[in-house]
Amino acid sequence: DGRTIIRKGSTAGTFTLYEGRTGDEIGQLKPDSPKGRFGLPTFLRDGQIAVSEIANGSASLHVYDGLRRVSSVELGKAERALVGRQPARGKLFVATSLSQTGRMWTGTSRLLLIDLASGQVSEIGRGLIPAWPLLSLRGLDPRDPAHAGSLASRLFMQEPDRMLVFDSESG
């Protein structure tokens, strides 16, 4: 919605928030743990920010309204995490992996569906990661990826050459 801009912070592992209209700095988001590291942040449909944190071999998901953290959900053991998009309002995909190196969609990755209101975590499958960050990084337009339920929010990579669409009706 243009109210907030996120940029990688000047300190490693942080993100700086800016006011979208004026460009004024609002402040920084920082991991909880000094050894923690954030994944790529994403805007939720309501303008809040979701970002994963890896610390001490575990992943968590944090949701912020500006600089104020509104919720956190523990995601279990992981060395990497990738926040996806919202297949429906109040739901968010996150992929985690036990592997620090190599392709994330290997057998150690888990695709999770998070209920943002209750914090309930459901495992949807293994070896799947959200495709939208990869499409965005390659300069492709995934057609309004922030829109809850859009194709981009339900598109996943299983292998380098295999993409799947999540059907919210059948799971």
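Me: Which residues is L75 in contact with, leaving aside its neighbours within four places in sequence?
Reply: This is a predicted model. Contact here means heavy atoms within 4.5 Å. With neighbours within four places in sequence left out, L75 is in contact with A59, S60, L61, V94, T96, R110, L112, I114 and V121.

Me: Which strand supplies the largest share of the largest nonpolar core?
Reply: That core has 16 residues, and L75 is one of those that touch the most other members, along with A50, L61, L92, I114 and L116. β6, β7, β8, β9, β10 and β11 each supply at least two of its residues. The largest share is three residues, and it comes from β7.

Me: How many residues are in the other core, the one with L82, F93, L111 and A131 among them?
Reply: This core lies apart from the core of 16 residues. L82, F93, L111 and A131 are among its members. Its residue count is twelve.

Me: What is the bridge partner of I114 in β12?
Reply: β11 covers residues 109-115, so I114 falls within this strand, as strands are DSSP runs. β11 and β12 run antiparallel and are joined by five bridges. In β12, the partner of I114 is V121.

Me: Which residue takes a positive phi in the hairpin of β11 and β12?
Reply: Five residues lie between the two strands of this hairpin. A phi near 80 degrees is found there, at G119.

Me: What percentage of the chain's residues count as buried?
Reply: The chain has one helix and 15 strands. Buried means under 20% relative accessible area. Of the 171 residues, the buried share is 46%.

Terms used: Residues numbered from 1 in each chain as written. Predicted model: local features only at pLDDT ≥ 70, side-chain atom pairs only at ≥ 80, totals over all residues. Heavy atoms only, no water. Core = buried A, V, L, I, M, F, W, Y, C linked by side-chain atoms within 4.5 Å. Buried < 20%, exposed > 50% of the residue type's maximum accessible area, 1.4 Å probe, protein only. Helix = DSSP H or I, 4+ residues; strand = E, 2+ residues; numbered from the N terminus. Pairing = 2+ DSSP bridges.
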